[in-house]
Amino acid sequence: FFVRLWGIMQSNVWSNVVAILLILSSCVSGASLGGAQSHASSIGNFFSSIRCKSLRAGSTDCSEAGAQTLFNNLNSDGQYETIQVDGASIVEAIETKFQSLFSKKTAVIEAIESAASTALSPGAEVGSTDLSTYYSAEPGIGRGLPPVVKDGLFGGKYVARSNSVFKLAPSVSSTSEEVRAAIAATSALDSTFVNNLQAVDEESKWQYFASKLGVTRVFPGFEWDSGCSGGYASYEPRTRPWYVLASSGPKDIVVIIDTSGSMSTAGRMSKAREAAIAVVDTASANDYINVVAFSSSSSTPSCFPSRLVRATSENKKQLVDWIGTLSAGGGTDFVSAFTKAFDLVDATAAVRGSNCKTAMVFLTDGQASDPTSLINSRNTADINAVIMSFTLGSGADQEIPRKVAEDNSGLFSHINDGGDLLTEMSYYYLYLAYSIQSASVQWTAPYIDSWGLGLMVTGAKGVYSAADGSGHKYFLGVAATDVVLPQLLSVVQSYELALSIPSYTFILNEDGEALVHPFAASPYSASANEPIYTDIDDLEGAEFESAEVRAAILNSDATVMGTTLTVQRPVPRGDAEKEGLTGNAVTKSLAYFYQRITSTPFFLCLVLEGTVTSASAPVSDWRIPAKSLKQLASIPACNGGSQAYCEVTPQLFHRIDLSPTATSPNVEIASSASEYAPGTYLTKNAVGWAAAPSSFNSPDAYLAGLPFSSMSVSAINTWAEDGTIVPATLGGGMTDANRQYLRLVSRMEREWSSVPSNETQGIWNYMGLANGLLLLYPGTPVNNSFYDPRVRSWYLRAVSENAGTSTLSTPYQDAFGAGTVLTLSTRIVAGGETGTPNAASIGVAAIDFKLVEFASHIESLTGDCSGSNVYCYVIDKSGYIIYQENFASSLSSSYSYEYRFLGDVGNEVSTSCACLKSTLSDLGV
């Protein structure tokens with residue numbers, strides 16, 4: 001029965017995508033096949049009526065004009081043109097902007113470095129060490145907070161743009177004269193911080209310096225956040241990824257730990273385990289690491305048997321757990337230990353960038369054959385490992401470990417039984433800071449800012465004293481500043497192709513991991529301290545990996561290179577986590593354009609969908625044809641006639657609650673008699689609009705403008721009206737192309753407001769565009785400043801289907817208080833492209849309507865479903881219920897029907913399915 005009905009529904013244009021009518025009966029004769037066919041046809045016609053008459057999709061099977069009609073009219077009027085997209089030139093233009101952005105950040109860091117080196121070098125003049133002289137991040141310590149004001153550039157925090165504040169690590173005492181001197185000396189950095197923000201980089205975020213003593217100075221100053229216990233949260237800068245990276249650089253680390261029988265003496269094994277764990281714990285996420293245990297032979301953790309692994313929290317935990325299992329027993333073989341260590345390093349070389357050093361920590365109490373010959377042959381110039389040797393106890397052979405360290409630029413230390421190995425190990429960290437002095441700024445992987453600015457990368461550089469009479473420089477600390485994700489997006493999205501050709505951009509670091517990528521999981525679920533790593537092969541798929549495009553990108557230089565691929569991409573139905581994939585992979589022709597961003601460890605890649613017309617030519621000559629809407633000379637005002645295209649003014653930014661005076665003729669407030677929640681602000685005779693942060697010329701400036709004000713809303717409305725951009729304009733406005741789409745789609749207000757009263761009335765009609773714009777009728781304040789229509793399930797569900805078909809959501813509670821609603825959505829494509837496979841999406845048109853009205857219509861069409869032995873459901877392709885009996889009468893605001901699976905509905909399904917299974921078996925199915 002189910003199989004026959006599926007076939008019937010497939011024949012209907014609407015139901016092809018949205019729903020299956022499933023009639024289950026405890027006795028199959030209780031419902032006839034003919035009745036099911038009739039119900040299916042009636043429901044299909046009802047859905048088609050909503051799509052054409054209420055949503056105003058404007059597709060070819062609709063007599064009413066609508067969204068698709070608008071773009072078809074533009075095409076018929078000759079307002080589209082074929083452009084030749086030059087990917088190489090776009091990449092070069094974006095790279096130039098990135099180079100400017102990173103050069104400013106580098107200049108900020110180097111100015112802090114220079115000032116800190118001067119202030120902290122031996123012999124530098126130090127001011128008063130009375131802490132009451134200096135502003136602190138914690139009121140009650142020192143002078144307390146400086147005067148602060150709310151600042152959008154810093155996420156709405158209250159900050160002081162004229163002063164920094166100091167913060168002490170938990171283990172640091174404010175009574176220490178050395179610490180007080182560091183606080184006093186670093187107060188001199190304020191003039192550098194202020195000049196950086198005012199003259200070097202006006203979009204500079206946090207600037208900070210952390211000394212080797214654990215004193216952090218942050219600009220602009222702010223009050224520290226509270227911890228879970230109620231006091232101020234602790235902060236240890238010396239374990240932060242940016243500090244470890246800048247003080248010792250990205251490293252390949254091998255810990256070599258002796259587990260021979262003699263290590264059971266005098267607690268040596270316990271001390272060696274503690275020391276090995278300390279090395280693992282302090283490795284930064286820019287490091288790669290592993291552990292070799294040796295006695296008569298050598299071994300590595302079973303989870304990481306043959307190579308170094310990135311020092312992420314999870315990997316470090318597994319290494320620490322393995323170290324904890326080590327016990328003493330057996331002989332001692334140094335050659336076996338170092339053979340395994342160099343095998344690990346060699347096996348990792350292919351995935352590591354060139355900007356890293358190798359360090360080995362050798363812990364032993366034994367006597368064994370000299371490994372010098374083996375080390376000399378394996379420690380080649382490209383590895384150049386620094387080896388630190390630590391011997392334990394009275395029986396240890398100090399001579400060979402000492403020679404190994406001295407021959408390989410390392411340090412040697414002997415610890416007697418009862419001595420403190422961990423204290424001696426502290427020299428390991430300082431020595432790395434002195435011996436691996438990087439002349440360049442180091443950049444971390446993305447992580448969530450502890451101080452509230454979201455996902456970011458940090459640029460940091462070690463600070464050293466001026467050389468003394470012997471030419472020695474002393475490590476003083478680390479200077480740093482941040483680049484937040486919106487700053488990267490401002491550059492990445494500085495070209496406009498979204499409505500001409502499907503495209504996206506990503507940025508990689510030297511390890512092939514994505515800093516920015518549209519397929520990456522949301523970073524906001526990550527912890528504040530854990531960097532985020534996603535290898536580009538995992539994001540781009542099998543074809544990308546097999547063609548070794550990752551290696552080609554990482555080997556590129558300042559010249560734009562390119563690769564073309566044909567790929568199979570899965571298509572999500574909507575919310576992929578709940579609704580899964582359509583089951584139909586889409587074949588796409590992709591062109592990758594990429595190059596290194598000059599003077600940085602990052603790589604830029606632009607991906608364009610389409611066929612390169614001259615793939616055998618140099619990449620600079622590659623062109624991809626695309627259909628693009630022209631920039632129109634003028635757009636007439638809608639006058640009620642049958643115009644091919646026109647605009648309805650004003651187009652009001654959705655925060656109409658902030659500018660009621662300027663827009664009062666077009667704003668009303670819902671009364672208690674309205675179908676909307678009382679007090680809701682609504683537009684009338686005008687659309688409201690919102691946009692994703694990435695749609696603005698400067699996403700960073702948009703976020704800095706939060707929360708919205710009446711001034712910023714007024715300024716963006718002025719931009720929508722005449723294109724004028726002033727300092728208060730949100731996000732610096734948008735491109736002319738985005739504004740043109742806003743004006744053109746505003747005419748949908750005339751279509752949506754003219755739905756006859758005898759047709760299904762939408763609570764909300766709206767259209768989301770591929771450029772991130774959302775037009776809504778009636779307009780109302782959207783309670784999400786980060787709203788992006790392109791990631792919503794109603795949008796993704798529609799674009800997964802062909803133009804001219806529609807999809808329907810499961811019931812859910814309206815965010816604006818209109819009760820339980822459903823969303824019907826349909827894909828809109830470029831004019832004249834409705835029959836073109838894989839045509840680029842202009843966007844998605846959608847309508848929300850009340851579940852009560854929908855359920856009443858369905859029940860009126862399926863009268864015989866009310867029998868005691870007959871159960872009727874409308875389900876979507878993922879098996880979620882769109883309709884079941886008595887939806888209208890049993891509706892409760894406290895019960896959610898969203899994503900309610902067919903298998904959750906009760907006993908009637910299991911009873912009916914047993915009968916259904918039997919019947920299908922009789923039919924040979």
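# Exercises on a predicted protein model

Of the 925 residues of the protein, 55% count as buried, where buried means under 20% relative accessible area, exposed over 50%, and partly exposed in between (1.4 Å probe, protein chains only). This is a predicted model, in which local features need pLDDT of at least 70, side-chain atom pairs count only at pLDDT 80 or more, and totals for chains, interfaces and linings use all residues. Residues are numbered from 1 along each chain as its sequence is written, and side-chain values use heavy atoms, with hydrogens and water left out.

## Exercise 1: Helix H8

Task. Compare the expected span of H8 with the separation of its end C-alpha atoms, and determine where its buried residues lie around the axis.

Solution.

Step 1. Helices (H or I, at least four residues) and strands (E, at least two) are DSSP runs, numbered from the N terminus. The expected span of a helix is 1.5 Å times one less than its number of residues. For the 14 residues of H8 this gives 20 Å, and the end C-alpha atoms are 20 Å apart, so the two values agree.

Step 2. The buried residues of H8 are Arg 268, Met 269, Ala 272, Ala 275, Ala 276, Val 279 and Val 280. They cover an arc of only 140° around the axis, which puts them on the same side of H8; the arc is that of the directions from the helix axis to the C-beta atoms.

Step 3. The general principle is that an α-helix has 3.6 residues a turn, so residues three or four places apart point the same way.

Step 4. Consider Val 279, which lies in helix H8 (residues 268-281). Val 279 counts as buried because its relative accessible area is 1%.

## Exercise 2: Nonpolar cores

Task. Describe the largest nonpolar core and state which helix supplies the largest share of this core.

Solution.

Step 1. A nonpolar core is a set of buried Ala, Val, Leu, Ile, Met, Phe, Trp, Tyr and Cys residues joined through side-chain atoms within 4.5 Å.

Step 2. The largest such core has 81 residues, and those with the most contacts inside it include Phe 98, Trp 206 and Phe 593. Here, contact means heavy atoms within 4.5 Å.

Step 3. Helix H4 (residues 87-120) supplies the largest share of this core, 14 residues.

Step 4. A second, separate core of 56 residues includes Ala 67, Trp 689, Leu 730 and Leu 773.

## Exercise 3: Salt bridges

Task. Examine two of the 30 salt bridges that the structure holds, and locate the partners of each pair.

Solution.

Step 1. A salt bridge is a side-chain nitrogen of Lys or Arg within 4 Å of a carboxyl oxygen of Asp or Glu.

Step 2. Asp 225 and Lys 157 satisfy this criterion, with an N to O distance of 3.3 Å. Asp 225 is in the loop between strand S7 (215-219) and helix H7 (241-248), whereas Lys 157 is in strand S4 (residues 157-159); the pair, 68 residues apart, links distant parts of the chain.

Step 3. Asp 225 is partly exposed because its relative accessible area is 33%, whereas Lys 157, at 16% relative accessibility, counts as buried.

Step 4. In the second pair, the closest N and O atoms of Asp 346 and Arg 378 are 2.9 Å apart. Asp 346 lies in helix H10 (residues 334-348) and Arg 378 in helix H11 (residues 372-378), so the salt bridge ties together parts that are 32 residues apart in sequence.

Step 5. Asp 346 counts as partly exposed, at 38% relative accessibility, and Arg 378 is buried, with a relative accessible area of 18%.
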